[in-house]
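Okay everyone, I've got one structure for you today, and it won't take long. Have a look at it first, then I'll talk you through some aromatic side chains.

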Amino acid sequence: MDAAQPWSRPARRRHPMRTGLVVAAAGVALCCVGIAGLGAWNVQLVTQAAGPVRQTTEGFLREVTTGDTGSAYERLCDEARTRWSEIGFTSWVRTPPVVRDYEIMDVSVATHGGRPLGTVTVVLTRDSGSTEQRDLTVVREDGGWRVCGDPY
């Protein structure tokens, strides 16, 4: 009496190539979502920063034109304040021809090395009547925006 072998399902064929492609596609999709998220965050950061960059520059130039050099000095970044003492900055600002008026022409914000960086194009009018266009750099520092470099 031969016992009948129990029925068993035939062996399933393995598809390692298909599995590899599915895993690779899932990885690519995840990377695309991550890149899109970083891009959206960057755009949001840059568009929201233009207003504060303009306000910082506006305040700095208003203080320079009214002679409030102490307040203008406080709006400088750490790098600029290490290069200029407050007394040196004051004498530099008051050296003729003195800035009497300004007009902000453009404000742009971009990221450089993962940090936001603002550039404000401004036309300065000196007390002699001459005008010149300058690009002021504005950086994010200590939770706020500060004018950096040599403002004019």
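**Aromatic rings around helix 4**

So, Tyr-73 is buried, and Phe-89 is buried too; buried here means under 20% relative accessible area, with exposed over 50% and partly exposed in between, using a 1.4 Å probe on protein chains only. Before I go on: this is a predicted model, where local features need pLDDT of at least 70, side-chain atom pairs count only at pLDDT 80 or more, and totals for chains, interfaces and linings use all residues. Numbering runs from 1 along each chain as its sequence is written, and side-chain values use heavy atoms, with hydrogens and water left out.

Now, helix 4 covers residues 86–93, and its buried residues are Phe-89, Thr-90 and Val-93. Looking down the axis, those buried residues fall within an arc of 100 degrees, so they line one face of the helix. The arc is taken from the directions from the helix axis to the C-beta atoms, and helices are DSSP runs (H or I, at least four residues) numbered from the N terminus.

How many aromatic pairs does a search of the whole structure find? Four. Rings of Phe, Tyr and Trp (its six-membered ring) pair if their centres lie within 6.5 Å; planes under 30 degrees apart are stacked, over 60 edge-to-face, the rest tilted. Phe-60 and Phe-89 make a tilted pair, 6.3 Å centre to centre with 45 degrees between the planes. Phe-60 is in helix 1 (residues 16–66) and Phe-89 in helix 4, so the pair ties together parts 29 residues apart in sequence.

Finally, Phe-60, Tyr-73, Trp-84, Phe-89 and Trp-92 form one aromatic cluster.

Methods:
Helix = DSSP H or I, 4+ residues; strand = E, 2+ residues; numbered from the N terminus.
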